[in-house]
Amino acid sequence: MAHVRSLFFKGPLADVENKAITAYKLGRPSDVIWNITNRCNLLCDHCYMAADAHTRPNELSDEETIALVEQMGERKLPALFLSGGEPMMRKNFWEILETARAAGIRVTVSTNCTFMDREAAKRLRVDGIDWIATSLYGPAAFHDAMVGVPGTRDRVVAAIKLLREEGVNVAIKTAISKATWPYVYDLIQEARELDVGLLYFCDLITSGRSEGEDDGRITPEQWRELADYIIDDLLAGQEAGVKGLEWDIGAMPSFIPYVAERLIERGVDVSNGLERLKTISACPVGKGHMNINSEGGIMPCQFAQDWTIGTTREMTLQQAVGELYKLDQQEAKGVCAPEACEYSRICRGCRAKAWQRTGDPMAEDVTCLLHASGDRTALAEAIADAPDFARSAPCAAPGSC
């Protein structure tokens, strides 16, 4: 995850990200993505966890979920993302959400919005939910075919309008693939018309129902085209003094150094973003960020559901932070290694893709947008000018500052 506007400018998520960085420096969890259930009423053909209508047999009990939320509150977790499956299908969804809010945790709910009505939207507003994230993939016929249920797109759009009427922030998510690429710019325009505040573009994750479909990814050239469009939008917003869309990029960490290079070429000071990247890097694996599945499995990345370091039944969140940090102590290999790429500690490459491709989380990310793609000296010089840039984390271990 990388919030581009908030990273390089003062975007809408800069505050919560700064709190996440502080939490990590203090050795606490920085953010948690929690798949509270595997159940889903849709059958998206690209779903990275192959969610369906069934509850997993070892799913956390209601009592275990609330105890886990209370533990998050004790550790002063800055941000929690409730996801699924479809999170609203879990019977104690509202109890989980409201317990988290009572503990002062900022909550985002990732939902397909098919259970959203006026009453739910009002309750979300009263509960102080920061964002609702929901997915659109293209025009109605295409979207409905992709999710497997006719009429879904119309229901999602109606829910977005309802949420905005109630004053709830909305993010639109889409998986970037050869199939969805023709509709990306139309989705951007629709997001503006719907008063959406954030667009999340995620490279195709080849696990779950899309396992083995690596050839479904778009080309690096297409990703660079999208990046250049986003850069123009960022700079236009800065010039006009308007808030503008936030852009969140998933599973494509090299997008960030690419954007930084282009901004430097256009005379933008990226030192603030570089300073933050010393701690967080574009791939958050090992940086206090963690993912929890419906059975309590703790994962370095939500996109690699079979890559676990333990469970919430056998370790605390604090212990999990320490275990995950060991991943940050390791160096990536191949084109992502420090000796091969001057951006190694800014980017880190996508560790989930490396895991899925080779079983080695430190293997190279073969989807890099920058490797062997021309002059990269501008950002390298900016990195060299940044003090103590050798490590992504400023301390020898979380909490040792």
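**Overall shape, core, spaces and a few odd spots**

With 401 residues, the chain would be expected to have a radius of gyration near 21 Å if it were a compact globule, and its value of 20 Å agrees with that. The model is a predicted one, so local details here rest on residues with pLDDT of at least 70. Taken along the principal axes, the C-alpha atoms fit in a box of roughly 55 × 45 × 40 Å. The chain is built from 15 helices and 11 strands. Of its 401 residues, 59% count as buried. Contacts also reach across the sequence: among those between residues at least 6 apart, 74% join residues at least 24 apart.

Next comes the inside of the protein. The largest nonpolar core holds 120 residues, and the ones with the most contacts inside it are Phe-8, Trp-34, Met-72, Phe-201, Trp-223 and Phe-255. Helix α9, which covers residues 220–240, gives the most to this core, with 7 residues. Met-72 makes a handy example of how the core is knitted together in sequence terms. Leaving aside neighbours within four places in sequence, Met-72 touches Val-32, Trp-34, Leu-77, Leu-80, Ile-105, Ile-292 and Leu-317. One of these partners, Trp-34, is also on the list of residues with the most contacts inside the core.

Then there are the empty spaces. Rolling a probe the size of a water molecule over the atoms shows where empty space is left. The largest pocket contains about 330 Å³ of space. It is lined by 23 residues, with Thr-206, Ser-207, Glu-211, Gln-356 and Arg-357 closest to its centre. Sorted by class, the lining of the largest pocket comes out as 7 nonpolar, 7 polar and 9 charged residues. The second largest pocket has about 280 Å³. Its lining is made of 16 residues, and Trp-131, Val-196, Gly-197, Lys-243 and Gly-244 lie nearest its centre. Here the split is 6 nonpolar, 3 polar and 7 charged.

Cavities are a separate matter. A search of the whole structure turns up 4 cavities of 30 Å³ or more. The second largest cavity has about 190 Å³ of space. Among the 21 residues lining the second largest cavity, Met-1, Ala-251, Pro-284, Cys-301 and Phe-303 are the closest to its centre. Strand β8 (246–250) and helix α14 (351–358) each supply at least two residues of this lining. By class, the lining of the second largest cavity has 17 nonpolar, 3 polar and 1 charged residues.

The backbone has a few spots worth a look. Most residues other than glycine have a negative phi, and most peptide bonds are trans. Against that background, Gly-84 and Gly-85 are joined by a cis peptide bond, with omega at about 15 degrees. Gly-85 sits in the loop between β3 (79–83) and α4 (93–102). Lys-76 is not a glycine, yet it has a positive phi of about 55 degrees. This lysine, Lys-76, is in the loop between α3 (62–74) and β3. Lys-76 counts as exposed because its relative accessibility is 56%, and the cut-off is over 50%. Cys-113 is another residue other than glycine with a positive phi, in this case near 70 degrees. The loop between β4 (106–110) and α5 (118–127) is where Cys-113 is found. With 2% relative accessibility, Cys-113 counts as buried, since buried means under 20%.

Two residues in helices round off the picture. Arg-123 lies in helix α5 and is partly exposed, with a relative accessible area of 36%. Apart from neighbours within four places in sequence, Arg-123 is in contact with Trp-94 and Glu-98. From Arg-123 to Gly-288 there are 165 residues in sequence and 30 Å in space, C-alpha to C-alpha. Cys-347 belongs to helix α13 (residues 344–347), and its relative accessible area of 10% makes it buried. Setting aside neighbours within four places in sequence, Cys-347 is in contact with Pro-253, Ser-254, Pro-257, Ala-282 and Cys-283. The C-alpha atoms of Cys-347 and Asn-272 are separated by 16 Å, with their positions 75 residues apart along the chain.

How values were computed. Residues are numbered from 1 along each chain as its sequence is written. This is a predicted model: local features need pLDDT of at least 70, side-chain atom pairs count only at pLDDT 80 or more; totals for chains, interfaces and linings use all residues. Side-chain values use heavy atoms; hydrogens and water are left out. On a 1 Å grid over the protein atoms alone, a cavity is a set of points where a 1.4 Å probe fits but cannot get out, and a pocket is an open set with protein on both sides within 12 Å along at least five of seven lines; lining residues have an atom within 4 Å of a point. Grid points are joined across faces, edges and corners, and a volume is the space filled by probe spheres set on the points. Ala, Val, Leu, Ile, Met, Phe, Trp, Tyr, Cys and Pro count as nonpolar, Asp, Glu, Lys and Arg as charged, and the others, Gly among them, as polar. A nonpolar core is a set of buried Ala, Val, Leu, Ile, Met, Phe, Trp, Tyr and Cys residues joined through side-chain atoms within 4.5 Å. Buried means under 20% relative accessible area, exposed over 50%, partly exposed in between (1.4 Å probe, protein chains only). Helices (H or I, at least four residues) and strands (E, at least two) are DSSP runs, numbered from the N terminus. Contact means heavy atoms within 4.5 Å. The radius of gyration is taken over C-alpha atoms; the globule rule is 2.2 Å times the number of residues to the power 0.38.
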